[in-house]
Amino acid sequence: MTAGPPDPRLVLPTELTRPTLGTRLRRYFLTGLVIAAPLAITASVTWWFINFIDGLVKPLIPNSYLPDTYLPYPIPGFGLVIALVGLTLLGFLTANLVGRSLISAGESILGRMPVVRGLYKGVKQVFETIFSQSGTSFRTVGMVQFPQPGMWSIVFIAQEAAPEIADRLPDGDQQIGVFLPCTPNPTTGFFFYLPRREIVELSISIEDGAKLIMSAGLIQPGEAAPKLAPKPGSIV
């Protein structure tokens with residue numbers, strides 16, 4: 001059976017299906033915003049970071065060694081380069097016996113200062129934990145039932161609870177520390193201990209978990225950011 005031509009009364013005129021000028025402009029504006037906003041924010045944060053490091057490092061360098069002294073305009077990023085080179089040399093020097101001895105002597109002096117001692121040890125432990133290559137803290141993403149049973153939240157799994165903490169907890173199961181970040185800022189949140197059996201580990205990276213939280217679930221693990229595409233049947 002061959003289908004006949006469509007009823008002219010059911011076919012909308014082309015003028016009604018074609019998007020208006022306002023619709024096109026709005027679509028173009030949103031597309032430009034999606035492209036320009038991440039670039040602008042990334043450039044602003046990068047520029048702020050470079051100026052921040054320059055403001056810390058450049059005052060420590062004599063003016064005779066600064067290229068800004070001989071040029072009519074400042075060179076951004078010079079302090080950042082000096083900081084990177086200096087930290088690399090510091091790591092190289094402390095890798096040998098003499099450097100380790102100097103570091104131990106300096107730490108012993110700081111250990112005799114009542115206030116500075118606690119601050120230094122705490123900050124050092126945090127940096128050693130974050131940049132440790134063998135540690136497992138905040139390198140695994142999981143899910144826990146929070147804020148009530150049946151509702152699942154993304155967490156970053158830390159380390160097992162210390163014996164001093166685990167012995168005080170009523171549950172005899174292994175207790176694991178988890179960090180529950182907030183949306184859209186994953187640097188703030190809640191830290192608490194849970195039995196390991198209540199944690200569902202996920203095979204996704206920390207970066208994918210952070211993007212999932214910052215986008216409020218719009219960017220799923222393994223996929224790119226959604227694009228503004230025209231609707232089927234529309235004319236751009």
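## A tour from an exposed alanine to a nonpolar patch

Start by selecting alanine 216: with 58% relative accessibility, alanine 216 counts as exposed, because the cut-off for that class is over 50%. Keep in mind as you click around that this is a predicted model. Alanine 216 sits in the segment that follows α7 (206-214). Check its backbone too: phi is positive, about 55°, although alanine 216 is not a glycine. For background, most residues other than glycine have a negative phi.

**Zoom out**

Show the whole thing as a cartoon. You should find seven helices and five strands. Walking along the sequence, the pattern reads α-α-α-α-α-β-β-α-β-β-β-α. The protein has 236 residues, and buried ones make up 18% of them. Switch on a surface if you like: the accessible area comes to about 17,800 Å², with 68% of it belonging to carbon and sulfur atoms. For contacts with a separation of 6 or more, 38% are between residues 24 or more positions apart.

**The sheet**

Now select the strands. All five form an open sheet, ordered β4-β3-β2-β1-β5, with antiparallel pairing. β4 and β5 (200-202) are the edge strands; each has a single partner, so one side of each is left without a neighbour in the sheet. Ignoring direction, neighbouring strands here are turned by 40° against each other on average.

Zoom in on β1 and β2, an antiparallel pair joined by six bridges. Which residue in β2 is the bridge partner of glycine 142? Pick valine 155 and you have it.

**Two cis prolines**

Stay with β1 and β2, and move to the loop between β1 (140-145) and β2 (152-160), where proline 147 lies. The peptide bond leading from phenylalanine 146 into proline 147 is cis, with omega near 5°. In general, most peptide bonds are trans.

There's another cis bond to look up: threonine 183 is joined to proline 184 by one, with omega about 5°. To find proline 184, go to the loop between β3 (175-181) and β4 (189-195).

**The helix across the sheet**

Next, select α7. This helix lies across β1, β2 and β3, and runs at about 145° to β2. Within α7, pick isoleucine 213. Is isoleucine 213 buried or exposed? At 5% relative accessibility it counts as buried, since the class takes in anything under 20%.

What does isoleucine 213 touch, leaving aside residues up to four places away in sequence? Its contacts are Ile154, Phe156, Pro181, Cys182, Thr183, Pro184 and Pro186. Both ends of the cis bond between threonine 183 and proline 184 are among those contacts. For a distance label, try isoleucine 154: its C-alpha lies 7.6 Å from that of isoleucine 213, although the two residues are 59 apart in sequence.

**Last stop: a nonpolar patch**

Finish by selecting Ile109, Met113, Val115, Val116 and Tyr120, which make a nonpolar surface patch of about 440 Å². Which helix gives the most to the patch? That's α5 (residues 114-130), with three residues. Pick valine 116, which lies in α5. With 36% relative accessibility, valine 116 counts as partly exposed, because that value falls between the 20% and 50% cut-offs. It's also over the 30% needed for a residue to join a patch.

Methods
Residues are numbered from 1 along each chain as its sequence is written. This is a predicted model: local features need pLDDT of at least 70, side-chain atom pairs count only at pLDDT 80 or more; totals for chains, interfaces and linings use all residues. Side-chain values use heavy atoms; hydrogens and water are left out. Patches are made of residues with over 30% relative accessible area and no salt bridge: like charges are joined within 9 Å, nonpolar side chains (Val, Leu, Ile, Met, Phe, Trp, Tyr) within 5 Å. Accessible areas come from the Shrake-Rupley method with a 1.4 Å probe; for residues, only the protein chains shown count as cover. A salt bridge is a side-chain nitrogen of Lys or Arg within 4 Å of a carboxyl oxygen of Asp or Glu. Helices (H or I, at least four residues) and strands (E, at least two) are DSSP runs, numbered from the N terminus. Buried means under 20% relative accessible area, exposed over 50%, partly exposed in between (1.4 Å probe, protein chains only). Two strands pair if DSSP finds at least two bridges between them. Axes are lines fitted to C-alpha atoms, for helices over the stretch in contact, and angles run from 0 to 180 degrees between N-to-C directions. Contact means heavy atoms within 4.5 Å.
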